[in-house]
Amino acid sequence: MEKFAEAAEQRIPIARTSLTEEEIQSVLGPLRSGWLVQGPHVHEFEEKWSQFTGAKHSVAVTSCTSALHLSLLALGIGPGDEVIVPAFTWVSTANVVERVGAKVVFVDIDLLTFNIDVSQLEGKVTPRTRAILPVHLFGLAADMKPLMAIAEKYQLSVIEDAACGFGSTYFDQHVGTFGTAGSFSFHPRKAITTGEGGMVTTDDEDFAVKLRQLRDHGAEATDLQRHLSAKPFLLPDFPEAGLNQRMTDIQAALGSTQMNRAKEIVAERRTLAKRYDEEFDDLQWLQTPARLDGLGHGYQSYACLFKPAEAISAAESRDTQKIAALNQERNAWMERLHRAGISTRPATHAVHMLSYYGNHYGLAAEDFPSAFVANDCSISLPLFHGMEEGEQDRVIGEVQKGYF
Ligand SMILES: *Cc1c(COP(=O)(O)O)cnc(C)c1O
């Protein structure tokens with residue numbers, strides 16, 4: 001018991017927020033100025049985001065979920081439409097499609113990358129398909145070249161879920177800049193954080209204008225524009241029926257200040273991942289994140305596959321008993337790591353296995369066998385900027401002891 005308490009005290013978390021004193025102090029600016037809502041700091045954060053990603057426009061919102069939701073609304077996607085979504089992702093990728101009244105069409109993933117299996121994509125396109133929503137999961141870019149070719153062939157919009165995609169590149173192009181829109185998250189589990197927060201990137205000016213209106217009740221002018229105008233005492237018109245999905249200036253100050261060390265944050269995550277890669281490369285029972293030519297991994301998390309040879313073969317044969325047995329073994333390993341003071345998590349969940357989607361779409365786990373296996377056999381290890389060498393030593397030592 002004592003030993004457990006001791007280990008828990010020095011527990012290595014799956015992620016830890018690491019802010020500099022300057023970043024912490026930055027939130028005092030808007031608090032002291034009295035301008036708390038979307039204003040000059042939001043504008044500054046958006047400008048830095050565009051510069052870093054290479055997008056023409058960036059629009060800050062309350063979360064990545066809001067970013068995805070607004071993008072679907074701005075495209076006019078709704079009842080009668082279908083949107084293609086990978087089966088293994090955070091639930092919000094699918095929930096936003098449900099919330100605009102469209103139908104989610106799942107596609108299975110590739111177990112090497114955990115991303116959408118583009119070879120299965122074209123078979124899911126129907127006359128009702130309006131958009132593809134690829135996810136750059138854990139910071140590894142989805143295979144955008146063939147995906148964009150399919151989108152072009154069928155005239156589909158592409159909205160990239162780049163929640164984990166900070167610093168992720170696909171042949172030197174930042175993710176979130178391939179489709180009509182990219183959506184980023186500033187949840188504390190992500191590389192840049194504003195507590196809650198999100199960003200939409202787009203090269204389409206009309207689309208950006210529409211997003212800015214939709215995030216702000218549908219108003220044609222922002223509060224800041226109104227205050228700076230000749231007649232700040234008059235209210236604007238509302239050409240859209242929007243909600244309030246604006247980021248505060250307090251959050252934006254925090255995000256904008258972190259952007260000053262954006263490159264350093266990405267580089268540090270890559271250095272940590274490289275060390276894990278080197279230490280774990282000879283473990284046959286653990287598949288480390290894919291290293292692919294031309295893809296710059298952002299390592300939002302270090303997602304591995306437990307017993308990959310057995311797991312992949314179980315997915316191919318849809319052997320649910322084998323998958324259940326592997327799942328028990330993985331869970332026992334996670335428990336051992338937990339006891340040793342090391343936090344781990346399943347990399348994310350298979351959305352079609354969550355009860356809402358199972359019930360509403362009548363889906364079984366084995367309908368998307370690779371997502372099923374990823375759900376049951378993946379494991380993320382601690383990786384975050386500010387992780388100390390001694391902390392990483394401990395994780396490496398415990399993993400190298402083996403899983404039994
Ligand atoms: C974190 C995450 C989201 C949700 O981001 P929020 O900012 O919390 O709304 C969506 N999709 C993926 C793939 C994520 O990892």
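Student: What makes the approach between an oxygen atom of the ligand and the side chain of Thr 65 a polar contact?

Tutor: In this predicted model, an oxygen atom of the ligand is 2.5 Å from an N or O atom in the Thr 65 side chain, and because a polar contact is a pair of N or O atoms within 3.5 Å, the pair qualifies. A nitrogen atom of the ligand likewise lies 2.8 Å from an N or O atom in the side chain of Asp 161, and for Lys 190 the value, from a ligand oxygen atom, is 3.3 Å.

Student: How much of the ligand does the protein bury?

Tutor: Taken alone the ligand exposes 390 Å² (Shrake-Rupley method, 1.4 Å probe), of which the protein buries 88%.

Student: Which classes make up the shell around the ligand?

Tutor: The shell has six nonpolar, seven polar and two charged residues, where Asp, Glu, Lys and Arg count as charged and Gly is among the polar ones.

Student: Why is the pair of Phe 88 and Phe 114 called tilted?

Tutor: Rings pair if their centres lie within 6.5 Å, with planes under 30 degrees apart stacked, over 60 edge-to-face and the rest tilted; here the centres are 5.7 Å apart and the planes 45° apart, so the pair is tilted. Phe 88 lies in the loop between β2 (82–86) and α6, and Phe 114 in the loop between β3 (103–107) and β4 (129–132), so the pair ties together parts 26 residues apart in sequence.

Student: What rules apply to numbering and confidence?

Tutor: Residues are numbered from 1 along each chain as its sequence is written, and side-chain values use heavy atoms, leaving out hydrogens and water. Local features need pLDDT of at least 70 and side-chain atom pairs 80 or more, while totals for chains, interfaces and linings use all residues.

Notes: A polar contact is a pair of N or O atoms within 3.5 Å; within protein, one must be able to donate a hydrogen and the other to accept it, and residues adjacent in sequence count only if both atoms are side-chain atoms. Rings of Phe, Tyr and Trp (its six-membered ring) pair if their centres lie within 6.5 Å; planes under 30 degrees apart count as stacked, over 60 as edge-to-face and the rest as tilted. Helices (H or I, at least four residues) and strands (E, at least two) are DSSP runs, numbered from the N terminus.
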